[in-house]
Amino acid sequence: MKYQLLAEQDVQSAFADYLRAAREQAKLSRAALAEKSTVPASTIKKFELTGQISFRQLLLLWQTLDDLKRLYTLTQAQQRSVTPSSIEEVLKDEF
């Protein structure tokens, strides 16, 4: 099993890029998305350029541009994953 470390900025940028592409595919301007999502257009612009946004506002944008259930499913998948119960399992890569 190979682990990859991600920087916080990498993840923030990936979310920003994904939602910007979804906005463009929906043919929405930032102003139109702001109206639909209740997130100010200036915040959307800052998010698309820097990846910086509050979690609440990220969820509002995601809910407007995608299915919020898809994002929620990530938390459920994590709860179902098997975690090692001993150091031996970790060393044997049995989990």
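Start by selecting residues 87–92: this is helix α6, and Ile87 is found in it. The model you are viewing is predicted. Now pick Ile87 alone. Is Ile87 buried or exposed? Its relative accessibility is 53%, so Ile87 counts as exposed; the cut-off for exposed is over 50%. Add Val90 and Leu91 to the selection. Together with Ile87, these residues make a nonpolar surface patch of about 310 Å².

**Into the core**

Next, leave the surface patch. Select Leu19, Leu33, Ile44, Phe47, Leu61 and Leu65. These are the residues with the most contacts inside the largest nonpolar core. How many residues does that core have? It has 14.

Colour the helices that supply it. Four elements give two or more residues to this core: α1 (8–25), α2 (30–37), α3 (41–50) and α4 (55–65). Which of them gives the most? It is α4, with 4 residues.

**Leu65 and its contacts**

Stay in the core and centre the view on Leu65. Setting aside residues up to four places away in sequence, Leu65 touches Leu19, Ala22, Arg23, Leu28 and Leu33. One name in that list carries a charged side chain by its type, so pick Arg23 next. Arg23 lies in helix α1. Is Arg23 buried or exposed? Its relative accessible area is 8%, so Arg23 is buried; the cut-off for buried is under 20%.

Now show the contacts of Arg23. Again leaving out residues up to four places away in sequence, Arg23 touches Leu28, Ser29, Arg30, Leu33, Glu48 and Leu65. Leu28 and Leu33 also appear among the contacts of Leu65.

**The aromatic rings**

Hide those side chains and show the rings instead. How many aromatic pairs does the structure hold? It holds 2. Select Tyr18 and Trp62 to see a stacked pair. The ring centres of Tyr18 and Trp62 are 5.1 Å apart, with 25 degrees between the planes.

Zoom out a little and follow the chain between the two rings. Tyr18 lies in helix α1 and Trp62 in helix α4, so the pair ties together parts that are 44 residues apart in sequence.

Check the exposure of each partner. Tyr18, at 35% relative accessibility, counts as partly exposed. Trp62, at 7%, counts as buried.

For the last stop, add Phe15 to the selection. Ring pairs link Phe15, Tyr18 and Trp62 into a cluster.

Terms used
Residues are numbered from 1 along each chain as its sequence is written. This is a predicted model: local features need pLDDT of at least 70, side-chain atom pairs count only at pLDDT 80 or more; totals for chains, interfaces and linings use all residues. Side-chain values use heavy atoms; hydrogens and water are left out. A nonpolar core is a set of buried Ala, Val, Leu, Ile, Met, Phe, Trp, Tyr and Cys residues joined through side-chain atoms within 4.5 Å. Buried means under 20% relative accessible area, exposed over 50%, partly exposed in between (1.4 Å probe, protein chains only). Contact means heavy atoms within 4.5 Å. Rings of Phe, Tyr and Trp (its six-membered ring) pair if their centres lie within 6.5 Å; planes under 30 degrees apart count as stacked, over 60 as edge-to-face and the rest as tilted. Patches are made of residues with over 30% relative accessible area and no salt bridge: like charges are joined within 9 Å, nonpolar side chains (Val, Leu, Ile, Met, Phe, Trp, Tyr) within 5 Å. Accessible areas come from the Shrake-Rupley method with a 1.4 Å probe; for residues, only the protein chains shown count as cover. A salt bridge is a side-chain nitrogen of Lys or Arg within 4 Å of a carboxyl oxygen of Asp or Glu.
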